[in-house]
Amino acid sequence: MITLYDCATAPSPRRARILLAEKGVAHDTVPVDLRTGEQLGEAYRQINPQCTVPALRTESGALLTDNAAITAYLEARYPEPSLLGTTPEEKAEVASWNWRMEFEGLLAVAEALRNSAPAMAGRALPGAVNYPQIPELAQRGLLRVEQFFVLLNDRLAGRDFVATERFSVADITAVVAVDFARVVKQKPGEQHPHLLRWRAAMAQRPSMAL
């Protein structure tokens with residue numbers, strides 16, 4: 001049985017949960033409490049020395065410690081439904097837009113949050129190494145989130161999905177990024193009608209409740 005090391009309150013493991021649900025893959029879940037720093041404790045370090053979630057233990061015992069690896073594995077192991085595209089052109093579009101949703105969306109929110117939240121003092125980046133906060137990066141992160149909403153709204157004009165003509169991992173990453181922005185008090189508004197229409201449609205998918 002596949003095992004997912006998860007945290008219900010964090011955005012990165014949510015991406016893995018949604019992916020597993022969309023693939024219909026049965027798995028065990030082991031919760032890791034990031035609020036208490038469990039990911040930095042010796043017990044979890046023995047599982048994942050990078051001290052991050054999600055982590056996924058495959059049926060063969062291999063440990064995958066990031067969403068890129070988890071997505072690649074699940075797509076190869078459970079190819080239907082395809083979430084990374086089927087044709088060379090689709091695969092390229094999905095890869096490109098998924099990267100943009102991560103870099104321009106998720107990482108922008110993380111930049112704003114991790115460089116401003118008192119609870120994350122000294123933890124400006126995830127992982128085993130501590131880094132100090134840089135307040136200026138928090139301000140830049142907020143500006144980047146605003147621009148991310150504009151980018152996504154423009155992309156979704158006349159479209160039902162972010163990357164291609166079908167649901168893909170780019171939609172998963174985009175949903176998680178948009179929802180994650182609430183932690184820095186940012187959310188789409190009436191000036192983003194295409195984004196709001198798309199997010200309402202995504203809410204009809206049972207996986208998005210995870």
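Two residues are in contact here when they have heavy atoms within 4.5 Å of each other. The structure is a predicted model, in which local features need pLDDT of at least 70 and side-chain atom pairs count only at pLDDT 80 or more, while totals for chains, interfaces and linings use all residues. Residues are numbered from 1 along each chain as its sequence is written, and side-chain values use heavy atoms, with hydrogens and water left out. Helices (H or I, at least four residues) and strands (E, at least two) are DSSP runs, numbered from the N terminus. A residue is called buried under 20% relative accessible area, exposed over 50%, and partly exposed in between, using a 1.4 Å probe and protein chains only.

**Helix α5 and its neighbours**

- Helix α5 covers residues 135-155, and at 1.5 Å a residue its 21 residues should span 30 Å, which agrees with the 31 Å between its end C-alpha atoms; the expected span is 1.5 Å times one less than the number of residues.
- The residues of α5 that are buried are A138, G141, V145, F148, F149, L151, L152, N153 and R155.
- These buried residues of α5 pack against three helices, namely α4 (88-114), α6 (169-180) and α7 (193-202).

**The nonpolar cores**

- A nonpolar core is a set of buried Ala, Val, Leu, Ile, Met, Phe, Trp, Tyr and Cys residues joined through side-chain atoms within 4.5 Å.
- In soluble globular proteins, nonpolar side chains tend to be buried together.
- The largest nonpolar core has 48 residues, of which M101, F148, L152, V162 and W198 touch the most other members.
- Two or more residues of this core come from each of β1 (2-6), α1 (11-23), α3 (67-77), α4, α5, α6 and α7.
- Leaving aside residues up to four places away in sequence, M101 touches L106, F148, L151, L152, V162, A170, T173, A174 and A177.
- Another core lies apart from the largest one and consists of seven residues, among them C7, A10, V32 and V53.

**Aromatic rings and charges**

- Rings of Phe, Tyr and Trp (its six-membered ring) pair if their centres lie within 6.5 Å, and planes under 30 degrees apart count as stacked, over 60 as edge-to-face and the rest as tilted.
- By this rule there are three aromatic pairs, and one of them joins W99 and F103, whose ring centres are 5.0 Å apart with planes at 5°, so this pair is stacked.
- Both W99 and F103 belong to helix α4, where they are four residues apart, about one turn of the helix; W99 is exposed at a relative accessible area of 52%, whereas F103 is partly exposed at 38%.
- The rings of F148 and F149 form a tilted pair, because their centres are 6.1 Å apart and their planes are at 45°; F148 is buried at 2% relative accessibility, and F149 is likewise buried at 2%.
- A charge sits over a ring if NZ of Lys or CZ of Arg is within 6 Å of the ring centre and within 35 degrees of the ring normal.
- The charged end of R100 sits over the ring of W97, 4.8 Å from its centre, and R144 lies over the face of F103, at 5.1 Å from the ring centre.

**Cysteines**

- Zero disulfides are found in a search of the whole structure, a disulfide being a pair of cysteine sulfur atoms within 2.5 Å.
- The sulfur of C51 is 14 Å from the closest cysteine sulfur, in C7, which is too far for a bond.
- Both of these cysteines are nevertheless shielded in the model: C7 is buried at 5% relative accessibility, and C51 is buried at 3%.

**Backbone details in the loops**

- A cis peptide bond with omega of about 5° joins V53 and P54, and P54 is placed in the loop between α2 (42-47) and β3 (55-57).
- A second cis peptide bond, with omega of about -5°, joins E80 and P81, where P81 lies in the loop between α3 and α4.
- Although C51 is not a glycine, its phi is positive at about 60°, and C51 is in the loop between α2 and β3.
- K185, in the loop between α6 and α7, also has a positive phi, near 60°, in a residue other than glycine, and K185 is exposed at 76% relative accessibility.
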